[in-house]
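Here are my notes on the model you sent, set out as numbered points so that each can be checked against the coordinates. Please read them with the structure open beside you.

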Amino acid sequence: MTYLHSIGEYFIMLKGVFGRMTKASVLRNLIFKEINELIMGSMGIVAFLSFFIGAVVAIQTALNLNNPLIPKSLVAYAARQSVILEFAPTFISIIMAGKVGSFITSSIGSMRVTEQIDALEVMGINSKNYLIFPKVIAMLTYPFVIAISMFLGIAGAFTAAVMGGFVTMDQFVTGLQDDFIGFHLVYAFIKTILFAFILATVPAYHGYYMKGGALEVGEASTTSFVWTSVVLIVTNYVVTQLLLS
């Protein structure tokens with residue numbers, strides 16, 4: 001029953017988020033602030049992880065190609081498929097659940113603890129719209145982050161495979177172009193948009209409805225990361241079944 005209550009509370013919160021709107025000029029400033037904190041502030045860790053994970057995928061694939069009948073171009077093919085289908089949209093989103101999700105939960109939770117949310121309600125402001133809506137809109141730029149992650153992941157694979165002497169540049173380019181299916185990119189970005197909405201709203205729910213003091217803010221951030229990751233993985237499974245099966 002507790003889980004059902006939480007799910008219902010989450011959807012009631014969503015109704016409030018898109019309910020009575022705050023002034024457009026105020027929302028615009030809040031949205032740009034959230035883009036800077038949530039998206040631009042995450043680019044460094046995303047770029048670092050993407051490049052080196054792409055490199056590791058390429059090296060591991062190359063080291064396991066012991067059969068001389070298997071073309072070396074498979075290194076690039078495997079790296080491309082891994083990065084586009086799962087690594088960039090899903091793995092990076094799990095990382096973002098820890099970084100962005102915890103930030104959202106702790107910032108909103110701190111406002112709940114210090115009664116700033118109650119003060120907004122007293123002033124006649126829809127606190128759900130004021131606090132959560134800008135985060136949802138800011139996260140709509142999240143596919144831009146994933147596009148950069150895909151590029152850097154493949155760049156890392158190229159650097160490790162070619163500079164490491166595992167394949168030639170021509171073999172890598174051939175593998176990169178081999179059997180490319182454009183719909184895989186569509187699938188990846190559909191997942192990314194859904195993940196962006198989850199990353200904005202699930203942590204916000206845990207922060208908005210938390211109870212207690214400063215210690216509970218930390219606990220809410222941990223719980224938020226766990227449940228955001230669970231929802232991301234389940235959504236990933238459902239979307240994959242619907243679009244690729």
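**Notes on the predicted model**

1. The accessible surface of the chain comes to about 12300 Å², and 70% of that surface belongs to carbon and sulfur atoms. This is a predicted model, and the remarks that follow should be read with that in mind. Of the 245 residues in the chain, buried residues make up 45%, and along its principal axes the C-alpha trace spans about 70 × 40 × 35 Å.

2. On secondary structure, the chain contains 10 helices and 0 strands, so that the text below refers to helices and the loops between them. Among the contacts in the chain with a separation of 6 or more, 86% are accounted for by residues 24 or more positions apart.3. The largest pocket has a volume of about 600 Å³, and the elements that give two or more residues to its lining are α1 (2-17), α9 (183-208) and α10 (214-244). Of these helices, α1 gives the most to the lining, with 7 residues. The pocket is lined by 18 residues, of which S6, I7, Y205, H206 and W227 lie nearest its centre. By residue class, the lining of the largest pocket divides into 12 nonpolar, 4 polar and 2 charged residues.

4. The second largest pocket has a volume of about 170 Å³, and α2 (24-39), α4 (74-113) and α6 (127-138) each supply at least two residues of its lining. The residues that line this second pocket are L30, K33, E34, E37, F103, S107, I108, M111, Y130, L131 and K135. They divide into 6 nonpolar, 1 polar and 4 charged.

5. Which residues does S224 touch, once its neighbours within four places in sequence are left aside? S224 lies in helix α10, and its contacts beyond those neighbours are with G101, T105, P203 and H206. S224 counts as buried because its relative accessible area is 1%, which is under the 20% cut-off. H206, one of these contacts of S224, is also among the residues that lie nearest the centre of the largest pocket.

6. I132, in helix α6, is likewise a residue to inspect. Its relative accessible area is 0%, and I132 is therefore classed as buried. Leaving aside neighbours within four places in sequence, I132 is in contact with M13, V17, I108, S127, A204 and Y208. For I132 and I108, which are 24 residues apart along the chain, the C-alpha atoms are separated by 8.8 Å, and I108 is itself one of the residues that line the second largest pocket.

7. Is F32, which is found in helix α2, buried or exposed? F32 counts as exposed because its relative accessibility is 54%, and the cut-off for that class is over 50%. The C-alpha atoms of F32 and V238 are separated by 32 Å, with their positions 206 residues apart along the chain.

8. The aromatic residues deserve a point of their own, since a pair of aromatic rings is described by the distance of the centres and the angle of the planes. The count comes to 9 aromatic pairs. Among them, F51 and F52 form an edge-to-face pair, with 5.4 Å centre to centre and 80° between the planes. F51 is partly exposed, with a relative accessible area of 26%, and F52 also counts as partly exposed, at 44% relative accessibility. Elsewhere, Y10, F11, Y205, Y208 and Y209 form one aromatic cluster. Within that cluster, Y205 is among the residues that lie nearest the centre of the largest pocket, while Y208 is one of the contacts of I132.

9. Two loop residues should be looked at for their backbone angles. E115 lies in the loop between α4 and α5 (116-122), and its phi is near 65°, a positive value in a residue other than glycine. D179 is placed in the loop between α8 (169-177) and α9, and its phi, near 50°, is again a positive value in a residue other than glycine. E115 is exposed, with a relative accessible area of 54%, and D179 is exposed as well, with a relative accessible area of 55%.

Key: Residues are numbered from 1 along each chain as its sequence is written. This is a predicted model: local features need pLDDT of at least 70, side-chain atom pairs count only at pLDDT 80 or more; totals for chains, interfaces and linings use all residues. Side-chain values use heavy atoms; hydrogens and water are left out. On a 1 Å grid over the protein atoms alone, a cavity is a set of points where a 1.4 Å probe fits but cannot get out, and a pocket is an open set with protein on both sides within 12 Å along at least five of seven lines; lining residues have an atom within 4 Å of a point. Grid points are joined across faces, edges and corners, and a volume is the space filled by probe spheres set on the points. Helices (H or I, at least four residues) and strands (E, at least two) are DSSP runs, numbered from the N terminus. Ala, Val, Leu, Ile, Met, Phe, Trp, Tyr, Cys and Pro count as nonpolar, Asp, Glu, Lys and Arg as charged, and the others, Gly among them, as polar. Buried means under 20% relative accessible area, exposed over 50%, partly exposed in between (1.4 Å probe, protein chains only). Contact means heavy atoms within 4.5 Å. Accessible areas come from the Shrake-Rupley method with a 1.4 Å probe; for residues, only the protein chains shown count as cover. Rings of Phe, Tyr and Trp (its six-membered ring) pair if their centres lie within 6.5 Å; planes under 30 degrees apart count as stacked, over 60 as edge-to-face and the rest as tilted.
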